[in-house]
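Student: I would like a close look at one part of this chain, namely the central strands and the core packed around them. Please begin with how buried the chain is, and then work inwards.

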Amino acid sequence: MKRIKTGIHGLDELIEGGFPSGRTVLVSGACGSGKTTFGIQYIYSGAELYGEPGIYVTLDERPHLIREDCLNFGWDLRKLENENMIRIIDGTVARLGFPTEEEFALPSSGIDIDKLLLEILASIKRFGAKRIVIDSVAALGLSLRSEDDIRRALLKLSYLLGKAGTTSVLISEIETDSKRFSKYGIEEFLADGVIVLHYIGVGGGTTRALQIVKMRGTKHSEYLHPMEITERGIVVKQVEESEL
Ligand SMILES: Nc1ncnc2c1ncn2[C@@H]1O[C@H](COP(=O)(O)OP(=O)(O)O)[C@@H](O)[C@H]1O
Ligand SMILES: [Mg+2]
């Protein structure tokens, strides 16, 4: 099976070299757990290190803020956007109705899920994207009335991404103490892999950890791995033998 290097320091070693090519991985965690950083690091590394064009669809955070935050990690998204290696699609317009100065934005007429999916698919084709991140799928469902509609939309999304052949990351926000892996409780079944980012407050400090809950076709670590967000982005640590 072909592997797609994630660019998340320390992660590929835990999943036989990377994400299974062409598959979809769900990354979930509470607010502040590092999901957006994970998604951007995956797209940035793909473009900068592995020559793979990537698309970032942002529904929660505005693109100019993402670009600004990324400079703290030394990631110049603008440069790679100009080189046609990264495309950021502003979906916050569709969600919030704000005007946008972005070159690539989803229509401001509110989220019509079918249109959105076709737009994403067309972008993948036109841009030749090998990687795509949707941040977040929870926000995708906001305009849909029933859980049934949301399930259908997510099914369609996963089918289309599978057909497009991109290696995809879907981001989903969950409550801190949630027993579920995703907002709608269905994303994890559609995804070929599930990674949970934990963010645990202990005393005065906080601890981050990464857990691979499932990765189809992969012999993966089952441990809770300590994780840090550093000036190089997310770094996942090996679990010391003595700690087991
Ligand atoms: N340059 C940085 N150095 C260290 N930690 C950072 C840096 N930038 C962001 N962080 C940490 O990452 C957190 C934000 O992570 P983010 O990926 O936006 O989370 P999520 O998308 O899950 O809400 C911040 O609250 C901060 O703790
Ligand atoms: Mg986020």
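Tutor: Of the 244 residues of the chain, 43% count as buried, where buried means that 20 or more other C-beta atoms lie within 10 Å of a residue's own, exposed means 12 or fewer, and partly exposed lies in between, with C-beta atoms placed from the backbone. This is a predicted model, in which local features need pLDDT of at least 70 and side-chain atom pairs count only at pLDDT 80 or more, while totals for chains, interfaces and linings use all residues. Residues are numbered from 1 along each chain as its sequence is written, and chains are lettered from A and ligands numbered from 1 in the order in which they are written.

The chain holds eight helices and eleven strands, these being DSSP runs numbered from the N terminus, H or I of at least four residues for helices and E of at least two for strands. The strand to start from is β7 (residues 167-173), which is mostly covered, since six of its seven residues are buried. Strand β3 (residues 24-29) pairs with β7 in the parallel sense over six bridges, and strand β6 (residues 131-135) also pairs with β7 in the parallel sense, over five bridges; a pair of strands requires that DSSP finds at least two bridges between them. Within these pairings, Val27 stands opposite Ile171 in β7, and Val133 has Val169 in β7 as its bridge partner.

Val27 and Val133 also lead into the largest nonpolar core, which has 61 residues and in which Val27, Ile43, Tyr56, Val57 and Val133 touch the most other members. Such a core is a set of buried Ala, Val, Leu, Ile, Met, Phe, Trp, Tyr and Cys residues joined through C-beta atoms within 7 Å. Helix α1 (residues 35-48) gives the most to this core, with six residues. Ile43, leaving aside its neighbours within four places in sequence, is in contact (C-beta atoms, placed from the backbone, within 7 Å) with Gly54, Tyr56, Ile86, Arg131 and Val133. Across the chain, among contacts between residues at least 6 apart in sequence, 65% join residues at least 24 apart.

Helix α1 appears again around ligand 1, where α1 gives the most to the shell, with three residues. That shell consists of Gly29, Cys31, Gly32, Ser33, Gly34, Lys35, Thr36, Thr37, Asn72, Phe73, Ile229 and Glu231, a residue being near the ligand if its C-beta atom, placed from the backbone, lies within 6 Å of it. The shell residues divide into three nonpolar, seven polar and two charged, with Ala, Val, Leu, Ile, Met, Phe, Trp, Tyr, Cys and Pro counted as nonpolar, Asp, Glu, Lys and Arg as charged, and the others, Gly among them, as polar.

To return to β6, a cis peptide bond joins Asp135 and Ser136, with omega about 5°, and Ser136 is found in the loop between β6 and α6 (137-140). Another backbone feature to inspect is Asn84, whose phi is near 60°, a positive value in a residue other than glycine. Asn84 is found in the loop between α3 (77-82) and β5 (86-90), and Asn84 is exposed, because 11 other C-beta atoms lie within 10 Å.

Note on methods
Two residues are in contact if their C-beta atoms, placed from the backbone, lie within 7 Å.
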